[in-house]
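Me: Please take a close look at one part of this model, the loops with unusual backbone geometry, and relate them to the ligand surroundings where possible. A connected account would be preferred.

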Amino acid sequence: MNARWVRRLLGVGRAEEVRRARVEEERDRAGLRAHLDADERAFLAEMERRSRMSHVPLGNCPPGVSYRVALSALDGTHAWWSAGTGSGKTRGAAALVASLLRALLLGEPIAVICVAMQGDLVDLVLRALAELLRRAPAKRRREVLERLLVARFFRGATLPPMNIFARSPHAPLLSQAQTLAEVIEHALGASLGSRQQTAATMLFARAIETGLSVNALRLLLNNPPALVTLAGPLSEPLVRAYLEQRFPRESAATTDGIASRLDRLLSLDAGLRGALAGPEAIDYTACFRPGSISCFDYSGSPLGGDDARRALGALTIHSLIAAALSSARRIEGQTILVVDEAQLALTSATMATLSTAVTTIRAARVGIHFINQSLAQLDRGFVQLLATNVTWRFLGRSGATDAGLSAEFLPRTGRIPKPRAPFAPVGERAEYLSRSEEETYWVQECGSLPRRTFFVMERSAPFGVRRLEAPEFDPPPWSAIPSDLRAEVERGATGVPREELIARARRAEDEALATHANAVHDDGEAPARRGRAPKVPVTPDAVTRAERWARKGRRTP
Ligand SMILES: Nc1ncnc2c1ncn2[C@@H]1O[C@H](COP(=O)(O)OP(=O)(O)O)[C@@H](O)[C@H]1O
Ligand SMILES: [Mg+2]
């Protein structure tokens with residue numbers, strides 16, 4: 001303004017003033033164009049470079065440049081997708097997985113794991129896989145099917161047996177039992193007291209050591225003395241000491257609390273109950289071997305089954321991460337682990353595991369792709385952890401709160417021209433939005449992103465934030481897949497028909513019932529145990545205690 005008055009005093013006319021302002025503005029705009037061009041050139045050059053490497057396409061950036069990511073860049077690096085529901089996260093991620101499967105079928109030494117807590121990720125991925133296998137040579141098809149694990153907990157006609165009490169090679173006994181106790185406790189109802197926590201940990205450790213399934217343990221909880229007297233070969237002194245000395249003094253409420261949680265898990269779905277009876281367990285280490293494809297699908301959980309889904313989802317994530325980080329695992333290649341609607345599997349125990357994982361799993365060559373709707377659903381500390389540890393951030397249509405929480409990923413160009421009010425005089429120079437105005441601008445842009453469109457921020461890339469349109473992804477429907485191939489893909493290598501699993505559960509449970517019905521005889525002598533665990537001599541102490549327990553009438557057999 002001042003300058004204008006000075007110019008007036010110096011006799012510069014209005015027309016000259018406008019002319020000068022226009023020149024000035026044009027110069028600024030040229031500067032802006034050069035800056036944007038430089039960014040665009042850097043992007044094009046980088047994409048050109050990546051085209052010469054093994055890569056997967058993520059989608060298109062206007063004006064029609066394919067956004068490529070080198071497979072090597074996905075090795076041990078994490079990604080985070082967030083956007084409102086229906087904005088295309090699952091499809092976008094499924095398209096990425098389908099590209100990875102194509103690379104896997106061509107022999108790239110990668111493993112792919114999908115965990116879908118909700119939605120159709122696994123369905124899309126399996127349909128895409130079926131289509132790829134349909135065209136693959138028969139030998140390759142067989143190889144891939146032999147390495148395929150499909151666990152569609154509430155949907156599949158088959159389920160792999162998954163004894164969750166199978167001894168893990170990746171964690172000490174008590175730590176495995178404690179994780180199980182924590183997850184089951186937090187995911188299935190209000191938290192247990194510390195006393196019940198100990199009880200659950202010790203009982204689970206005992207079940208793990210003696211080869212009891214969760215089904216059998218649940219039945220034995222009706223008869224606590226049997227749990228004491230039917231000792232298998234207990235090698236863990238802490239468990240033995242607990243069972244012999246402290247367990248008989250536990251109140252009925254303790255065992256009831258644990259039993260009711262197991263009931264919720266077991267009553268969810270008959271097939272699932274059969275799968276939990278085992279005896280086999282899922283080999284999580286195998287999921288990380290190059291050429292393996294593993295799908296865990298929790299979508300379609302029955303009404304009221306949210307807690308059980310959380311418990312099972314959390315256990316899957318725990319088991320996968322324990323296997324990934326285990327020193328017992330030989331690392332043979334990179335793995336991409338996609339978790340859709342990750343927030344539905346979070347418990348405090350999972351959060352702790354994931355927090356360790358995102359910072360350490362890089363060395364295990366595992367890259368995790370988190371997908372979730374809203375940042376508000378996630379623990380703040382976890383959001384912070386992700387924000388500092390992901391290499392890729394995909395931000396789709398999001399409300400102002402979520403976009404605001406992701407503001408650190410949004411561009412700060414300082415080069416967004418300020419809109420000029422209609423009929424306002426031409427400024428002396430092109431004016432740009434301030435930092436805070438620019439943030440508001442991008443937050444608004446996020447709110448109006450069309451479906452399938454994401455802002456993509458790639459850490460340490462030589463170019464800035466890109467606007468990405470995910471490819472159209474719609475694998476053929478199952479009806480277009482030959483039915484025998486469909487059955488093979490949906491079953492995977494280890495699936496067992498549900499009816500058979502249900503029969504297995506019945507047998508395992510009958511056996512456990514028979515065992516504990518005979519557990520405490522009038523003379524206090526425990527009979528030979530039928531089933532897997534060998535008969536072991538009963539210590540007189542445990543027998544008297546068991547009798548005392550029965551006499552007290554707390555829990556009569
Ligand atoms: N890349 C895509 N290709 C084809 N259809 C898409 C794509 N992205 C989204 N859609 C459509 O939008 C719907 C919602 O997409 P989805 O990926 O399930 O969203 P979100 O996971 O974000 O809730 C899909 O059912 C599909 O009809
Ligand atoms: Mg989804």
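Reply: Pro279 lies in the loop between α12 (270-276) and β7 (293-297). In this predicted model, the peptide bond that leads from Gly278 into Pro279 is cis, and its omega is near 5 degrees. A cis bond also joins Pro62 to Pro63, here with omega near 0 degrees. Pro63 belongs to the loop that connects β1 (55-61) with β2 (65-70).

Two arginines call for attention on account of phi. Arg365 has phi near 60 degrees, a positive value in a residue other than glycine. Its place is the loop between α14 (348-360) and β9 (366-372). Arg365 counts as partly exposed because it has 19 C-beta neighbours inside 10 Å, whereas 20 or more are required for a residue to be buried.

For Arg452, phi is near 75 degrees, again a positive value in a residue other than glycine. The loop in question runs between α17 (435-447) and β11 (453-458). Arg452 has 21 C-beta neighbours inside 10 Å and therefore counts as buried.

Arg452 also connects this account with the ligand. Of the 17 residues around ligand 1, those that come nearest are Gly88, Lys89, Thr90, Arg91 and Arg452. By class, the shell around ligand 1 comprises four nonpolar, seven polar and six charged residues. Arg452 thus combines a positive phi and a buried position with a place among the residues that come nearest to ligand 1.

Note on methods: Residues are numbered from 1 along each chain as its sequence is written. Chains are lettered from A and ligands numbered from 1 in the order in which they are written. This is a predicted model: local features need pLDDT of at least 70, side-chain atom pairs count only at pLDDT 80 or more; totals for chains, interfaces and linings use all residues. A residue is near a molecule or strand if its C-beta atom, placed from the backbone, lies within 6 Å of it. Ala, Val, Leu, Ile, Met, Phe, Trp, Tyr, Cys and Pro count as nonpolar, Asp, Glu, Lys and Arg as charged, and the others, Gly among them, as polar. Helices (H or I, at least four residues) and strands (E, at least two) are DSSP runs, numbered from the N terminus. A residue is buried if 20 or more other C-beta atoms lie within 10 Å of its own, exposed if 12 or fewer, and partly exposed in between; C-beta atoms are placed from the backbone.
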